[in-house]
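Hi everyone, thanks for coming. I'd like to walk you through one model this morning, so please have a look at it while I talk.

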Amino acid sequence: MSNPPAGVVEDLQLEGLTKAFGDFVAVDNLDLTIPGGSFFALLGPSGCGKTTTLRMVAGLETPTSGRILLGGADITDEKPYRRQVNTVFQSYALFPHLDIFENVAFGLRRRGIKDVAGPVNAMLELVQLAPMARRKPSQLSGGQQQRVAVARALINQPGVLLLDEPLGALDLKLRRQMQIELKRIQTEVGTTFVHVTHDQEEAMTMADRIVVMNQGRVQQISPPRELYEKPANRFVAGFIGSPPMNFISGTLVSNSGRTEFLEKTGGTNGLTLSIPEAIAKNLKAPREGELVLGLRPEHLHEFRGQTPPGHSVFEANLTRFELIVPETLLHLKTAGHSLLARIPKLEETPREGERVRILTDLTQANFFCPTTGSSLLP
């Protein structure tokens, strides 16, 4: 079997990229470098500017200002067909009257290449569809059609492959299978993949690095684990993770040489948590002042024993619980906040309305400025 054709590995750079539709700014002064050969994801809620960014790179939208460079060459004003960029859309856009072989061969034939058998067969081997070469698209599953669309784009040896919500039309099981397949394909060919999605699981599973966008601006660029464990601000912390991070407004106070967090409740006594000194001394906040504490649900544990060193325990009312096999999701209510705890296994099932003790390790916590939302951790 011959090797599948691969594109030239080049960096993609966006410099001050802006797109306005009248008074609405969809992408706002975006600076971004996507390393050649990487699997890069643009992630964010609907309307955050990620698809508009992708369309500008593809040449389907004209930037209001800024530049797009591929391998150092300015392609901002190049026609789409002259760019070393190909796009795979959610709809796949396969030719229904052509078989799979001819769908993949289409770009080569259009460029006047007559000997297409070798590269097409190699590409079909790459996407594991060689036995189906003579089938029509209507005879394939959604996941198989997606792989044909990827093969058809890659055979043209693009410097960058753009994927615009490519798995959105697939069911959950097939979507997860295709996440693995797309990552395998990218690793084998080494082409730069830029994947636009609002699905954080897709981005976290496949991407080497993720840029989180909101309202046309970059919020954070990080590898998946860092994005989850060290969010740059409250937006990223709340967007990444399912169920989402708990946020508790409160105040830091110094008490007998210790730093404590007091829940903001509006009058009633709320929870009090002791902040480990190693964390307190590194906070970019005064020892006494308001802040927002962020706790992932998996860092809250229903607890019946003695408090381990370095941990804090507080009481909360259990309002309800959900069994999400193999875990249980507890809905809790403190004096001032509603919280979620994700418990791997319960030794005893508590009753709704019961008062429960919750253990948390604050070395796993995040802290945010109440006004700007920025992280207060280094």
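Let me start with a word I'll use a lot: buried means under 20% relative accessible area, exposed means over 50%, and partly exposed is in between, with a 1.4 Å probe and protein chains only. A salt bridge, for me, is a side-chain nitrogen of Lys or Arg within 4 Å of a carboxyl oxygen of Asp or Glu. For charge, Lys and Arg count as positive and Asp and Glu as negative, while His and the chain ends are not counted.

Please keep in mind that this is a predicted model, where local features need pLDDT of at least 70, side-chain atom pairs count only at pLDDT 80 or more, and totals for chains, interfaces and linings use all residues. Residues are numbered from 1 along each chain as its sequence is written, and side-chain values use heavy atoms, with hydrogens and water left out.

Now to Lys 50, which is found in helix 1, residues 50-58. Helices here are DSSP runs of H or I with at least four residues, strands are runs of E with at least two, and both are numbered from the N terminus. Which side chain of opposite charge is nearest to Lys 50? That is Glu 165, 4.4 Å away, and Lys 50 has no salt bridge although it is buried. A polar atom of the Lys 50 side chain does lie 3.1 Å from the backbone oxygen of Pro 45. Leaving aside neighbours within four places in sequence, Lys 50 is in contact (heavy atoms within 4.5 Å) with residues including Leu 42, Glu 165, Val 196, His 198 and Met 213.

What about the charged pairs that do meet the cut-off? Side chains of opposite charge can pair when their charged atoms come close. The structure holds 19 salt bridges. One of them joins Arg 55 to Glu 61, with the closest N and O atoms 3.5 Å apart. Arg 55 counts as partly exposed because its relative accessibility is 30%. Another links Arg 184 and Glu 188, at 3.0 Å between the closest N and O atoms. Both residues sit in helix 5 (residues 172-189), four residues apart, or about one turn of the helix.

My third pair is Glu 327 with Arg 342, where the closest N and O atoms are 3.8 Å apart. Glu 327 lies in strand 17 (residues 327-333) and Arg 342 in strand 18 (residues 338-343), so this pair ties together parts that are 15 residues apart in sequence. Arg 342 is buried at 19% relative accessibility, and Glu 327 is partly exposed at 27%.

Let's stay with strand 17, where five of the seven residues are buried. Two strands pair if DSSP finds at least two bridges between them. Strand 16 (residues 312-324) pairs with strand 17 in the antiparallel sense over seven bridges, and the two form a hairpin with two residues between them. Strand 17 also pairs with strand 18, again antiparallel, over six bridges, and a hairpin of four residues joins them. In that pairing, Lys 333 has Ser 338 as its bridge partner.

Finally, the cysteines. How many disulfides does a search of the whole structure find? Zero, taking a disulfide as a pair of cysteine sulfur atoms within 2.5 Å. Cys 48 is buried, at 2% relative accessibility, and Cys 369 is buried too, at 19%.

Definitions and conventions
A polar contact is a pair of N or O atoms within 3.5 Å; within protein, one must be able to donate a hydrogen and the other to accept it, and residues adjacent in sequence count only if both atoms are side-chain atoms.
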